Amino acid sequence: MASPLVAVVGYPNVGKSTLVNRLSGTREAVVHEQPGVTRDRKEVETDWNGRRFRLVDTGGVDATDRDDLAREVQRKAREALGAAAAIVLCVDARAGVRPGDEELAAELRGASVPVVVAANKVDGASQIPEAAEFYRLGLGDPVPVSAVHGLGTGDLLDRVVAVLDRGEEGEEARSDGDVQLAVIGRPNVGKSSLVNAFLGEERVIVSPSAGTTRDSIDTRLEVDGRGVVLVDTAGLRRRGKVAGTVDWYAQLRSERAADRADVAIVVSDASGGLTSEDLRVAELAMVKGCATVVALNKWDIAQADLDDVKARAEARLRLRPEVLTVSAKTGRGVRRLLARSLDLADRAAARVATSELNRFLADLQAARQPPAVRGRRLKLLYMTQYATRPARFAVQVSDRSRLTRDYGFFLENRLRERYGLQGVPLVIEYHGRDEARRRATAAADG
């Protein structure tokens, strides 16, 4: 059973994301002095005194802001309220009660779940009386806190745990067996639309404005009884273009999402083909050590040459990832992409038997002998796999100095073809016979 949700809501720039980070002991939510940074709802798993729950950071609710994106942010915040087991209304104690606070409080007084008022930005004991003004919201005793300094956050957590329904003891929403799929790519290529297509609902905000997503948004679903966590990420740009801005922090979140993912779905805009920036994003996923598949989105309106795109990916990307066409708008190819991604996660976690690998070595040398170097030919003696994620192989050879770069790539590519490892990171280590003897002797002496 999933952990109960605790939605943190409030007017823009009252410190909701900072409070979520403080209460969860993480830095999951993007924090910046610029108002309106949080747009999508962000869930963070945490616990207090052994009680687990999920904090949901939401975008600021300002009923006077009628901009299309602002209204979409507010809709997502209200969706979080509908799913919550408890609500924390975050207010700015320094600013006092504002009209926006009163409007939101009036809405929350009719909520079917308990509401706790967190009077934030109380940075010292002398400022605690300022929280008393928020009694007028009609939501009970306000709890004075400082998200920046930690003052009163223990009392707030005690209150949150106290109001949660004891009959709904939660477990972690995500189990160790869940497959993590990170959806990454350049800004405005349709990542959030693709996540929504996977889910069959509009869970994350989609806007024609580039850079709408700023947090890495985790969403759990089940596919044929199997747990899957989809991670929608901010668009990846070159670091130099975003340094010092809100987008820089969002960029870090996206890179960390690739760090923990089993598979990265690299989304590209098919109408523009596979660009050098798309290839750079795919290379980042490779460096992070996660398996990779390339999704050409917007295929319903594209005129790209698929064969040319596949050739470009194969020529530039060492992982040789599979290239699939999808349309998040029409749903074409979406189920196939999800199924292939899960299959790729399984292949990345699989281990090839040593006996099978040594048959592979024999077949490889029969098909193409290593070239002669200084009049002597390299012999491939033995191969084994000793790790996964990333897959690591050790090959014992007669003399490592005779291994050529071309033959090393040839072995790697044939290995991918034989065991379906296209898009899976591989590490292949070559050890000479003399090196193996020295290691064995050293081990015996030790």
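Residues 166-175 of this predicted model keep a pLDDT (the predictor's confidence in each residue, from 0 to 100) under 50, and the model has 31 contacts beyond four places in sequence for them, a contact being heavy atoms within 4.5 Å. Residues 239-249 likewise have a pLDDT below 50, with 20 contacts in the model beyond near neighbours in sequence. Where pLDDT is low, the predicted coordinates should not be read in detail. For the protein, the average pLDDT is 78, and 76% of the residues score at least 70.

Residues are numbered from 1 along each chain as its sequence is written. Because the model is predicted, local features need pLDDT of at least 70, side-chain atom pairs count only at pLDDT 80 or more, and totals for chains, interfaces and linings use all residues, while side-chain values use heavy atoms, with hydrogens and water left out.

Three strands form an open sheet in the order S15-S16-S17, with mixed pairing; strands (E, at least two residues) and helices (H or I, at least four) are DSSP runs numbered from the N terminus, and two strands pair if DSSP finds at least two bridges between them. Strands S15 (380-387) and S17 (426-432) stand at the edges with a single partner strand each, so one side of each lacks a neighbour in the sheet. From one strand to the next, the twist averages 20°. Seven bridges join S16 (residues 391-397) to S17 in the parallel sense, and Phe 393 has Ile 428 in S17 as its bridge partner.

Two helices lie across this sheet. Helix H11 (residues 354-367) crosses S15 and S16 and runs at about 140° to S15, with axes fitted to C-alpha atoms, for helices over the stretch in contact, and angles from 0 to 180 degrees between N-to-C directions. Helix H12 (residues 405-419) lies across S15, S16 and S17, at about 130° to S17.
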